[in-house]
Amino acid sequence: MDTAKSDSADARTTPPDVFAPAKLGPITLRNRIIKAATFEAATPNALVTDELINYHRLPAAGGVGMTTVAYCAVMPGGRTDGWQIWMRPEAVPGLRRLTDAIHAEGAKISAQIGHAGPVANARTNKAPALAPIRFFNPLAMRFARKATREDIQEVIEAHANAARLAIESGFDAVEIHLGHNYLASSFLSPLINRRTDEFGGSLENRAKVARRVVRAVRDAVEKEGNPIAVTAKLTMADGVRGGITVEESLQTAKWLEEDGGLDAIELTAGSSLVNPMYLFRGEAPVKEFAGAFKPPLRWGIRMTGKKFLREYPYREAFLLREAKLFRAELKMPLILLGGITNRETMDLAMAEGFDFVAMGRALLAEPDLLNRIKADRSVRSICNHCNKCMPTIYSHTHCVLTGAPNHYQPATTGGTGS
């Protein structure tokens, strides 16, 4: 990517129309609005289902420029639960059905690829989880083992293979997961990464996994003629003392820009391991989360849930303050996530120099929200930020206010996400 030719604020005289077509690397989106990756809980056999297709088809028909399929793990041990998709030849026919359905609605589609690392559920995956150090996952009741150099190289190569399979499956983009204390992010975290080898200690060492993963994906895509865009989701701060800070994350982003492997970065926050509500903001649905589990874990969540699910007040564009620090230092396209629910906030993001916006909960509640906002800028989302949609990832992800977008009965199996 040539950052000097970026469609970012430095080259603008007036903010762009968020509903106008926009370039993202080699592809063109019909607008600047992306449906963020949110775990769908619609793949009980780790393969595409009609429910998964419907989950993404509805917001595509509802006007998004691109929708993002969550957690296409690069290997079976990299899933947060054993019923999630992992990228392998067996998955390609179903993924092709999915991408064809989205393209028929006029939208683009991205695959979020990554390795969950210490967040992975080794029990349901029936495969070892990896982490910078030996790490206990209380939901899985299993330890993630310390990744060896050979493990790290295997994960890097698996990302490249996942990108190749995404191209074969008809995806327009891949989003590399570098956030939420998944594997690459856990290496970036000084709180989790206590290694003393070449992958620990200094930020330069801790960033090696993330940078090498991105480079491997870009190399794989280049060998295929660069037919898809390559983006990454990067945590700005995980909201935990001793964890990832904005200052260190900004330096990582600068290195990623210099490396030239990405067409855009989506800026996120929080940690699936220690502080998930730092991303979501709003109410903390402790009772509902507890109800998604069996005893004794249910009892533990009820007693200690408020410490893990810390409550942060909601406001529109709640990550904008931190994200502006990245916008000021980087030339490459940036995607603003967090509290994007109405036309005024989208326009604010454009005015502040962001190239795209990403939406999650508001589109879960109303998949057709964007078409209605485009027709009438005064339209407001019905999402009340109760966050009771979050525990539904353990059955079938949906908005509790509307039942959208899937309108089908919960299964007996589920998955996790962040």
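The mean positions of the positive and negative charges of the protein lie 6 Å apart in this predicted model. The positive charges number 52 and the negative charges 45. The surface that the protein exposes amounts to about 15,900 Å², and carbon and sulfur atoms supply 53% of this area.

The overall dimensions of the protein were considered next. Along the principal axes, the C-alpha trace spans about 50 × 45 × 40 Å. The radius of gyration is 19 Å, which agrees with a compact globule, because a globule of 418 residues would be expected to have a value near 22 Å. Of the 418 residues, 63% are buried. The protein contains 15 helices and 13 strands. Contacts that link distant parts of the chain were also counted. Among contacts between residues at least 6 apart in sequence, 71% join residues that are at least 24 apart.

The confidence of the prediction was then examined along the chain. The average pLDDT of the protein is 91, and a score of at least 70 is reached by 93% of the residues. Over residues 2-6, however, the pLDDT is below 50; this stretch has seven contacts in the model beyond near neighbours in sequence. The pLDDT is also below 50 over residues 406-418. For residues 406-418, the model shows 46 contacts beyond near neighbours in sequence.

Several individual positions illustrate how parts of the chain are arranged. The loop between strand 3 (33-35) and helix 1 (50-61) contains Ala41. Ala46 lies in the loop between strand 3 and helix 1 as well. Ala41 is not a glycine, yet its phi is positive, at about 55°. In Ala46, likewise a residue other than glycine, phi is positive and near 65°. Ala41 has a relative accessible area of 5% and is therefore classed as buried, the limit being under 20%. Ala46 is also buried, with a relative accessible area of 4%.

Ala41 can be related to a position much further along the sequence, namely His398. These two residues are 357 residues apart along the chain, while their C-alpha atoms are separated by 9.3 Å. His398 is found in the segment after helix 15 (369-375). Its relative accessibility is 22%, so His398 counts as partly exposed, a class that lies between 20% and 50%.

A further position, Gly78, belongs to the loop between strand 4 (66-73) and helix 2 (92-104). Gly78 is buried, with a relative accessible area of 5%. When neighbours within four places in sequence are left aside, Gly78 is in contact with Ala73, Gly114, His115, Ala116 and Ala120. The C-alpha atoms of Gly78 and Ala129 are 6.8 Å apart in space, although 51 residues separate Gly78 from Ala129 in sequence.

Two other loops are joined through a contact between Gly338 and Ala317. Gly338 lies in the loop between strand 12 (334-337) and helix 13 (343-351), whereas Ala317 is found in the loop between helix 11 (297-308) and helix 12 (320-329). Gly338 is buried, with a relative accessible area of 7%, and Ala317 counts as buried at 7% relative accessibility. Not counting residues up to four places away in sequence, Gly338 touches Ala317, Phe318, Leu319 and Ala358. Under the same exclusion, the residues touched by Ala317 are Gly338, Gly339 and Thr345.

Separations from these two residues to other positions were also computed. Gly338 and Leu267 are 71 residues apart along the chain, and the distance between their C-alpha atoms is 8.9 Å. Ala317 and Asp197 are 120 residues apart in sequence, and their C-alpha atoms lie 39 Å apart in space.

How values were computed:
Residues numbered from 1 in each chain as written. Predicted model: local features only at pLDDT ≥ 70, side-chain atom pairs only at ≥ 80, totals over all residues. Heavy atoms only, no water. pLDDT = per-residue confidence, 0-100. Contact = heavy atoms within 4.5 Å. Helix = DSSP H or I, 4+ residues; strand = E, 2+ residues; numbered from the N terminus. Rg over C-alpha atoms; globule rule 2.2 N^0.38 Å. Buried < 20%, exposed > 50% of the residue type's maximum accessible area, 1.4 Å probe, protein only. Areas by Shrake-Rupley, 256 points an atom, 1.4 Å probe, with all protein chains shown as cover. Lys, Arg positive; Asp, Glu negative; His and termini not counted. Charge placed at Lys NZ, Arg CZ, Asp CG, Glu CD.
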